[in-house]
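User: I'd like to go through the pockets of this protein and hear what the words behind them stand for. Can we take it step by step?

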Amino acid sequence: MRCLRLTFVGELGFELHVPSSGAAAAYAALRQAADDLEARTGLPCRDAGYMAIDSLSAEKSYRHWHADLGCGDSPMEAGIGFTVLPKLKRADSPPFLGSDALQAQRAAGLQRRLVTLVLDTAGGPAGSAPPLHGGEVLLRDGDPVGIVRSTAYGHTLGATIVTGYVSCPEGLPKITPTWLREGTWAVSSKKVDVLPATLHLKPPFDPEGRRTRGEYT
């Protein structure tokens, strides 16, 4: 077995790589350890599937391939420029596939940017916000500026989270954090004309990333 320090849900997490012949025994051992922990501490330990992963990762603004990320989106546009900027900033760094295009984009400034919004109206069983499915219109100060790429209900927040790319409007040289913060945001749904929303340039939940470091106090 190989254990990787990794998380897709913004918590202290690990990913286990197990030979298929030992998968059932590994799960049984984990389940028994979870049951023992629950009996000892009273903390619930439950199995969870991909719907839970989608919800938790949305609360952390983690990007999803094929939804938030595609071949036509650059790392800087997606807000994960840290994956390439160290190499782009080094004068002695060798070129890599796409580095010239990224350097040009870096010099010109972003014309597209992935943003995270949280609906102001509560959703879920206790809320009145309708479910969203992607493809809705992103509004800034009432003007359409983008399309929702992915959405999930955040159970910790009690609200729906959406991500989507906004485009730079005419007359603005590039998208900046100031321009994003100064706008009033909303989502236009088929069921409700305008759903007011709040912009989050950092993850809506645990923006400092303390839980991924195991800090739960």
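**Fold and pockets**

Analyst: The protein chain has five helices and eight strands, where helices (H or I, at least four residues) and strands (E, at least two) are DSSP runs numbered from the N terminus. This is a predicted model, with local features needing pLDDT of at least 70, side-chain atom pairs pLDDT 80 or more, and totals for chains, interfaces and linings using all residues. Residues are numbered from 1 along each chain as its sequence is written, and side-chain values use heavy atoms, leaving out hydrogens and water.

User: What makes the space of about 1,500 Å³ a pocket?

Analyst: On a 1 Å grid over the protein atoms alone, a pocket is an open set of points with protein on both sides within 12 Å along at least five of seven lines, so the label follows from that test. The volume is the space filled by probe spheres set on the points, which are joined across faces, edges and corners.

User: Which residues are closest to the centre of the largest pocket?

Analyst: Val9, Leu12, Arg46, Ala48 and Leu56, out of 31 lining residues; lining means having an atom within 4 Å of a point. H2 gives the largest share, six residues.

User: How do you know how many of the lining residues are nonpolar?

Analyst: Ala, Val, Leu, Ile, Met, Phe, Trp, Tyr, Cys and Pro count as nonpolar, Asp, Glu, Lys and Arg as charged, and the others, Gly among them, as polar. Sorted that way, the lining has 19 nonpolar, five polar and seven charged residues.

User: And what is the volume of the second largest pocket?

Analyst: About 420 Å³. Strand S3 (residues 112-119) gives the most to its lining, four residues.

Definitions and conventions:
1 Å grid on protein atoms, 1.4 Å probe; cavity = no way out; pocket = protein on both sides within 12 Å on 5 of 7 lines; lining within 4 Å.
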